[in-house]
Amino acid sequence: MKIIVAIKQVPVRDSQLRVDANGRWIQEADLSFEINEPDAYALEEALQLKEKHGGEVVALCAGPARAAQTIREALAKGADRAIHIEEESLNTLDTLGVAKLLAGAVKAENPDLILTGLQSDDLGYGQTGVVMAELLGIASSTIIMQVEVDGASIRVKRELEDGWFQHITMPLPAVLTIQSGINKLRYATLMGIKKAKSKEIKRVTLAELGAAAPATATIEKIYVPQKSKQTQIFEGDAKTSAAKLVEKLKFEVRVI
Amino acid sequence: MSVLVVLEQTGGKWNRMSWETLVAGQQLSAQMGVDLHVAVPGSGIGALAAEAAAKKCAKVYAVEHDLLKDYTADAYTAAVEALVRAVSPTLVLFPHTYQVRDFAPKLATRFSQVLISDAIAVKIESGSPVFVRLLFQGKLNGDVRVSGGGPYFASLQAGAFRVDALESGSAPVESFAPPLAAASIRQKPEAPFRESARAVDLTAAEIIVSVGRGIKEKENIPIVEELAKALGAELAASRPICDAGWLPMERQVGSSGQTVAPKVYMAIGISGAIQHLVGMKGAKTIVAINKDANAPIFEVADYGIVGDLFEVVPALVEEVKKAKS
């Protein structure tokens with residue numbers, strides 16, 4: 001089966017973020033980037049499905065030139081080839097605009113299954129996969145914790161709230177948004193990294209996918225959230241601050 | 001011109017976030033000077049629609065169909081789409097639930113719109129809404145403006161609006177029969193289930209010591225375990241720790257785990273992604289220990305130590321033992 005995995009490159013998790021001069025995005029110059037975590041699980045799921053059922057895994061990524069690094073890592077882990085929608089100004093598009101680009105690239109590939117993470121760690125809209133499915137006119141299901149392929153259909157385990165789950169069956173092709181923790185991530189092997197160098201990365205431009213629609217949702221400004229709660233921070237070395245905290249817990253909170 | 005609030009129920013039981021969304025609808029429709037309409041999709045929802053009609057709004061639509069009995073993305077998208085086309089609201093509001101995440105983006109796409117998901121506040125500026133959302137896992141906020149004439153779609157984060165502000169009233173209920181066909185519903189759902197009986201009931205704990213990514217390795221878990229032992233606390237964790245199998249799933253706190261409200265919640269090496277915060281922000285006293293002073297967990301913490309947990313936690317164990325002796 002042919003599986004496309006849509007991945008996104010985001011700032012590494014512990015990044016110290018600063019708002020840029022025009023107040024609408026972050027300063028990217030000093031940041032390091034990595035694969036969006038839920039997308040890493042989607043990629044792993046695709047690789048495992050390929051190992052079970054055969055076929056091909058294609059990594060799809062919309063992002064600026066720097067995203068090539070993340071794409072290489074996906075290839076090193078075992079994706080067979082990649083498509084890079086290379087564009088520096090994706091920030092001016094909204095989710096629908098980006099999903100249209102991705103759907104355009106997917107259409108030409110005619111895959112059996114499309115996987116992506118359930119949300120991105122940067123914007124966190126959590127809908128690119130679902131929107132892509134709607135644009136492609138195929139079924140979707142979200143927050144998936146297990147995938148079983150059975151011929152022309154799939155049975156998935158969808159996470160519900162408060163520890164509940166549900167199985168859902170639907171026809172292929174379909175889009176699934178994958179939850180973190182569905183599987184155990186692999187590391188790229190030395191051999192994998194070597195092989196990745198000769199694997200194909202097809203670069204596609206915005207123009208080739210048709211003009212993007214103007215955004216209907218735009219970020220007007222970003223800012224550090226105002227604190228709603230007064231936090232008392234205990235200063236000093238570990239021993240001093242620990243002693244101050246325990247004193248609070250004993251005499252004010254009264255739990256010791 | 002109206003605001004439409006879509007309430008969520010499963011098997012005749014409300015999702016508790018529904019009423020918070022209705023509060024948002026009441027406040028925003030008043031600010032915009034338009035009517036508030038409420039939709040209750042489902043099957044056999046007469047009593048629920050009547051309950052909604054006892055809240056302040058202009059009209060309740062009982063969106064009733066046999067094919068809405070068990071939730072599917074395709075049926076719910078089609079049903080709400082039909083209602084939105086019939087009612088033509090300016091703004092459609094949902095609670096940001098797992099179900100809404102599954103179908104509302106699809107619905108918005110049918111109107112060439114983007115769902116403004118997981119909004120924490122809505123401002124009305126010259127008649128049109130500006131939504132506040134968390135970005136970068138809560139490290140930054142963003143104001144999102146929508147344009148293009150609508151209808152605009154937004155889902156609201158749990159706790160963004162306070163349910164105690166809900167106003168009562170009396171509104172008519174109108175039945176709405178969406179045109180649904182079984183053949184066009186591609187998802188075949190089975191009955192929901194729980195993985196196993198929960199052996200650990202975190203909700204009963206007075207003190208919870210919870211550990212996150214900051215612990216780095218499974219081998220380090222005993223460091224935090226020892227603090228829990230010293231305090232007589234239950235040990236809990238954020239999702240990544242349970243995903244990695246370092247602690248069992250039943251010890252997970254957050255939107256996909258347990259929701260707790262202990263006397264003291266100690267978050268150790270937990271950055272405070274919103275999925276975790278919704279599970280613990282009801283704790284009476286929240287203590288955060290994290291090396292990153294900008295971590296969102298400090299937004300909700302009463303007490304904090306900015307430092308290396310591998311130094312702070314052993315020191316805490318010492319001090320707790322001293323205080324107890």
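Reader: What distance separates the centres of domain 1 of chain A and domain 2 of chain A, taken over C-alpha atoms?

Author: The model is a predicted one. In it, the C-alpha centres of those two domains of chain A are separated by 42 Å. The domain assignment places domain 1 of chain A at 2–209 and domain 2 at 225–256.

Reader: How is chain B divided, and how far apart do the C-alpha centres of its domains lie?

Author: Chain B has domain 1 at 2–184 and domain 2 at 202–324. Their C-alpha centres are 34 Å apart. The contact between them draws seven residues from domain 1 of chain B and seven from domain 2 of chain B. On the domain 1 side, the residues comprise two nonpolar, four polar and one charged.

Reader: What are the overall numbers for chain A: how many helices and strands does it have, and what does its C-alpha trace span along the principal axes?

Author: Chain A has six helices and 13 strands. Its C-alpha trace spans about 65 × 45 × 40 Å along the principal axes. Of the 256 residues in chain A, 46% are buried. Among contacts in chain A with a separation of 6 or more, 70% are between residues 24 or more positions apart.

Reader: Take one helix, α3 of chain A. Which length should its 15 residues span, and why?

Author: The expected span is 21 Å, because a helix is counted at 1.5 Å a residue; the end C-alpha atoms of α3(A), residues 95–109, are 21 Å apart, which agrees.

Reader: Is α3(A) mostly covered or mostly open?

Author: The general idea is about direction. An α-helix has 3.6 residues a turn, so residues three or four places apart point the same way. In the case of α3(A), eleven of its 15 residues are buried, and the helix is mostly covered. The buried residues include the unbroken run A:Thr95, A:Leu96, A:Gly97, A:Val98, A:Ala99, A:Lys100, A:Leu101, A:Leu102 and A:Ala103. A:Ala105 and A:Val106 are buried too.

Reader: What happens just after α3(A)?

Author: A:Asn110 takes a positive phi there, of about 55°.

Reader: Which residues touch the most other members of the largest nonpolar core?

Author: They are A:Val5, A:Ala59, A:Leu60, A:Leu102 and B:Val38, in a core of 120 residues. A:Leu102, one of the buried residues of α3(A), can be followed outward. Apart from neighbours within four places in sequence, A:Leu102 is in contact with A:Ala6, A:Leu60, A:Ala62, A:Thr128 and A:Met132. There is also a second, separate core of 61 residues, with A:Tyr125, B:Leu135, B:Leu202 and B:Ala267 among them.

Reader: Now a strand. How many residues of β6 of chain B are buried?

Author: For a strand, look at the two faces in turn. In β6(B), residues 91–95, five of five residues are buried. One side carries B:Leu91, B:Leu93 and B:Pro95, the other B:Val92 and B:Phe94, and both faces are covered.

Reader: Which strands are joined to β6(B)?

Author: Strand β1 of chain B, residues 2–6, runs parallel to β6(B) and is joined to it by three bridges. Here B:Val3 has B:Leu91 as its bridge partner. Strand β10 of chain B, residues 152–156, also pairs with β6(B) in the parallel sense, over five bridges. In that pair B:Val92 stands opposite B:Phe153.

Reader: In what order do the strands of the six-stranded open sheet come?

Author: The order is β13(A)-β18(B)-β17(B)-β16(B)-β14(B)-β15(B), with parallel pairing. To find the edges, look for strands that pair on one side only: these are β13 of chain A and β15 (234–237) of chain B. At the chain A edge, two bridges join β13(A), residues 232–233, to β18(B), residues 303–306. The bridge partner of A:Gln232 is B:Tyr303. At the other edge, β14(B), residues 207–211, and β15(B) pair over four bridges, and B:Val209 stands opposite B:Leu235.

Reader: How many residues does the contact take from chain B and from chain A?

Author: It takes 70 residues from chain B and 65 from chain A. Helix α9 of chain B, residues 309–324, gives the largest share of the chain B side, eight residues. That side divides into 30 nonpolar, 18 polar and 22 charged residues.

Technical notes:
Residues are numbered from 1 along each chain as its sequence is written. Chains are lettered from A and ligands numbered from 1 in the order in which they are written. This is a predicted model: local features need pLDDT of at least 70, side-chain atom pairs count only at pLDDT 80 or more; totals for chains, interfaces and linings use all residues. Two residues are in contact if their C-beta atoms, placed from the backbone, lie within 7 Å. Ala, Val, Leu, Ile, Met, Phe, Trp, Tyr, Cys and Pro count as nonpolar, Asp, Glu, Lys and Arg as charged, and the others, Gly among them, as polar. Two strands pair if DSSP finds at least two bridges between them. A nonpolar core is a set of buried Ala, Val, Leu, Ile, Met, Phe, Trp, Tyr and Cys residues joined through C-beta atoms within 7 Å. A residue is buried if 20 or more other C-beta atoms lie within 10 Å of its own, exposed if 12 or fewer, and partly exposed in between; C-beta atoms are placed from the backbone. Domain bounds come from an automatic or database domain assignment. The expected span of a helix is 1.5 Å times one less than its number of residues.
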